[in-house]
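The exercises below are meant to be worked with the sequence and the 3D view open side by side. Each task is followed by a solution that proceeds step by step.

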Amino acid sequence: MDRIETLLAAMTLDEKIGQLTMMSSNLAVTGPVLPGDVTEGIRAGRIGSLFNHWGPERVRETQRLAVEETRLKIPLFFAFDVIHGHRTIFPIPLAEAALFSPELWERTAREAAMEAAEDGLDLVFSPMLDIARDPRWGRISEGPGEDPWLGSRIAEAKVHGYQTADLAAPDAVAACAKHYLAYGAALAGRDYNSADVSDHAIREVYLPPFAAALAAGAATVMPAFNDVAGVPMTANARLLRGTLLGELGFDGAVISDYNAIMELLPHGVAGDAVEAAALALKAGVDMDMMSGAYAAGLPKALERGLVTQDEIDDAVRRVLRLKQRLGLFDDPYRRVVAVPDAFHAAERRRLAREVAAKSIVLLTNKGVLPLATSAKRIAVIGPLADARSEMLGSWAGAGRWEEAVTILEGVKAALPQAEIAYVPGTEIETGGDAGIAAAVQAARGADVVLLCVGEAAIMSGEAASRARPELPGRQRNLAEAVLDLGVPVVTLLTSGRPLMLPWLFERAAAVAATWFLGHEAGHAVADVLTGAVNPSGRLPVTWPRDVGQVPIYFGERNTGRPTDPDQHYTSKYIDIPATPQFAFGHGLSYSRFALSDLRLSAPMLRPGETLTVEVTVTNTGAVAGEETVLLFIHDPVASVARPLLELKGMAKAALAPGRKQVLSLALAAEALAFPGLDLKPVLEAGEIEILVGTRAERSELLSAMIRVEV
């Protein structure tokens, strides 16, 4: 009998339920604070894992309680929300998605894992893989954007970065793919709300990133708070035990979200803790995070026959296997390092600066950027200019906001010869117009104005839905007063989502999406402003003109009456264009690139074959730069109507002025399959359009046709 089976045979029911119980320490608050004596719970074997608890000495002492003062000496594992860095904070995930770079996605995860492991953590609640097409939803900031193919590539990179090839390695941590499933489809963009999505949408849009994470070896999965078609995910046996555990073959541990099992009561599917515990366990949820439902409800559920002993044992077995995979039975202190590596800490800051600069998306530029060396007087205006505590964004892990570089600091360091006047003008969300006059006066005599506006960090992330994603407070008044001067205005938008500001895009000399860029925000912004870094970020989401367009995304299907602004009875608005402000993939550079000579390796594709798509990219500009090329397909006739564009590949070209490069993108026949009428993958014969370009704007894409034979 192996170690796990030996332990199972020796455990009491209370000890088994203890392994299924995850509690929180008091170092961070991620939900409603629930009472409980964690120390005594560990000693009594009633707690199997702890989150929001880090630091070498603290973790070592807490682990000692489990392995020295409990009857069976089963080690704890320690978890934390390491969403975009642990000690060193990288850009928020939505900003990182703008990199379109699996290599950098994996590198930031690897560095975050190393820092987390140094602090005694074994598991990170990341990556967040919720496809989101509604910027009202605050948690769009934590995810991969709108596209399932892109989200799948991010899922693979992050899981590999966190876990490495050996999950037991001292610098590896378990990944947790969350939030399964369709959390980003919350109705009205309101967090925790229902998701009413079709089975086809689940298969095509919301499931693929999770399938990719599992294929990459993700050790754990977290169900979402929301219900899907009336069934809360925490109790959704069809999508958990049926799809996740059955069809996808996931054999890791399923961890509930914070208090989610007890929230089955207000969801209206359970009458008490006993019913809630039984529903969750039978659905496939192994661990109860903070709700106490398993501890309170499973013994009675067992007595009533609502669950079986085998079902409890299976859940315990999966938890123990996770601890075994993490190497905790061999060395429960393997991830506790007393002295952080200073050299690697400095390297991480350099990486954070590089990634932050490359995450910035230059949305508009009327020739004012990069800043001219002749600019001697610069006015830095706005409440986000010197807002150190806002630079990290939401879910900033154990990062210290005091160590962040502000935009003002970054600009001053990059332009020491310039005269820089700084006036905040107003506050982010509160305050009035009293400071606008001073801001206007500072801007009046400047060669250029850097207008730093946007959201506070707390306005994105969990429980931060916004019905009107615009500039909060009196920031529009400030912006318009400065724009009225006629001085060139470069607007830097700090936010966790697209902000709908058509008036600003029209009037400003340049606008950049600077998101929440993490510890090196100020230096990264200055690098792009000065041209030290040529902007290469590309939008991972479609940017709406108006909230009335939401949800908006490039992968929509056609209708029987496709959008035609010149025809009345077509799918459009009568008050604004149906087109977005900026398309998916949009992002300007200080270079200019031309795509030409699209070539396909064959006119026909059969199952098991791979098509090679080649395109020539030429830098026609005056400076070196990097271009991202996207590969789309369109299936014009199918048994189920297909999206107008489907992303299937990406590649980058880094080119000096005047240079060209042939990019090669592979397209496997199986990538053309889709969920058919029976929801099973089907590859159908017929013509497929291959499209290549830099953004999801059909009129700008090169195209060619192939034929699929099956």
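A residue counts as buried when its relative accessible area is under 20%, as exposed when that area is over 50%, and as partly exposed in between. The model used throughout is a predicted one.

**Exercise 1. Backbone angles and exposure**

Task: Find where N52 and T164 lie, and decide for N52 and for T164 whether the residue is buried, partly exposed or exposed.

Solution: Begin with T164, which is found in the loop between helix 7 (148-163) and strand 5. Its phi is near 55 degrees, a positive value in a residue other than glycine. The relative accessible area of T164 is 31%, so this residue is partly exposed.
Turn next to N52, which sits in the loop between strand 2 (49-51) and helix 4 (56-69). N52 also has a positive phi, of about 60 degrees, although it is not a glycine. With a relative accessible area of 0%, N52 is buried.

**Exercise 2. The largest nonpolar core**

Task: Establish which residues touch the most other members of the largest nonpolar core, and explain where this core lies with respect to domain 1 and domain 2.

Solution: First, the core holds 196 residues, and those touching the most other members are F125, Y180, Y294, I381, L493 and W515. Helix 12 (residues 273-283) gives the most to this core, with 7 residues. Because domain 1 (3-326) and domain 2 (361-536) both give residues to the core, it lies between them.
Then take F125 by itself: leaving aside residues up to four places away in sequence, its contacts include M22, F51, F80, V82, I83, M222, I255 and M289, and also D81 and K178. Finally, a second, separate core of 25 residues includes L595, A653, L663 and A669.

**Exercise 3. Domains**

Task: Describe how the protein is divided, and how domain 1 and domain 2 are placed and joined by contacts.

Solution: The protein is divided into domain 1 (3-326), domain 2 (361-536) and domain 3 (593-708). Between the C-alpha centres of domain 1 and domain 2 the distance is 36 Å, and 30 residues of domain 1 are in contact with 30 residues of domain 2.

**Exercise 4. A helix pair**

Task: Characterise the packing of helix 16 against helix 20.

Solution: Start from the geometry: helix 16 (residues 407-414) and helix 20 (residues 521-530) pack at an angle of about 50 degrees, with their axes 7 Å apart. The two helices are therefore oblique to each other, and helix 16 passes helix 20 in a right-handed crossing. To see which residues are involved, select I407, G410, V411, A413 and A414 in helix 16, which meet G522, H523, V525, A526, L529 and T530 in helix 20.

**Exercise 5. A loop tyrosine and two cis bonds**

Task: Place Y192 and list its contacts, then locate the cis peptide bonds that involve P370 and P551.

Solution: Y192 is found in the loop between strand 5 (174-180) and helix 8 (199-206), and its relative accessible area of 36% makes it partly exposed. Not counting residues up to four places away in sequence, Y192 touches Y183, F225, N226, E462 and A463.
For the peptide bonds, L369 and P370 are joined in cis, with omega about 0 degrees, and P370 is placed in the loop between strand 11 (361-365) and strand 12 (377-381). A cis peptide bond also joins V550 and P551, again with omega about 0 degrees, and P551 lies in the loop between helix 20 and strand 17 (593-600).

Key. Residues numbered from 1 in each chain as written. Predicted model: local features only at pLDDT ≥ 70, side-chain atom pairs only at ≥ 80, totals over all residues. Heavy atoms only, no water. Core = buried A, V, L, I, M, F, W, Y, C linked by side-chain atoms within 4.5 Å. Buried < 20%, exposed > 50% of the residue type's maximum accessible area, 1.4 Å probe, protein only. Helix = DSSP H or I, 4+ residues; strand = E, 2+ residues; numbered from the N terminus. Domains from an automatic or database assignment. Contact = heavy atoms within 4.5 Å. Axes fitted to C-alpha atoms, helices over the stretch in contact; angles between N-to-C directions. Parallel < 35°, antiparallel > 145°, perpendicular 65-115°, else oblique. Left-handed = near helix turned anticlockwise from the far one by under 90°.
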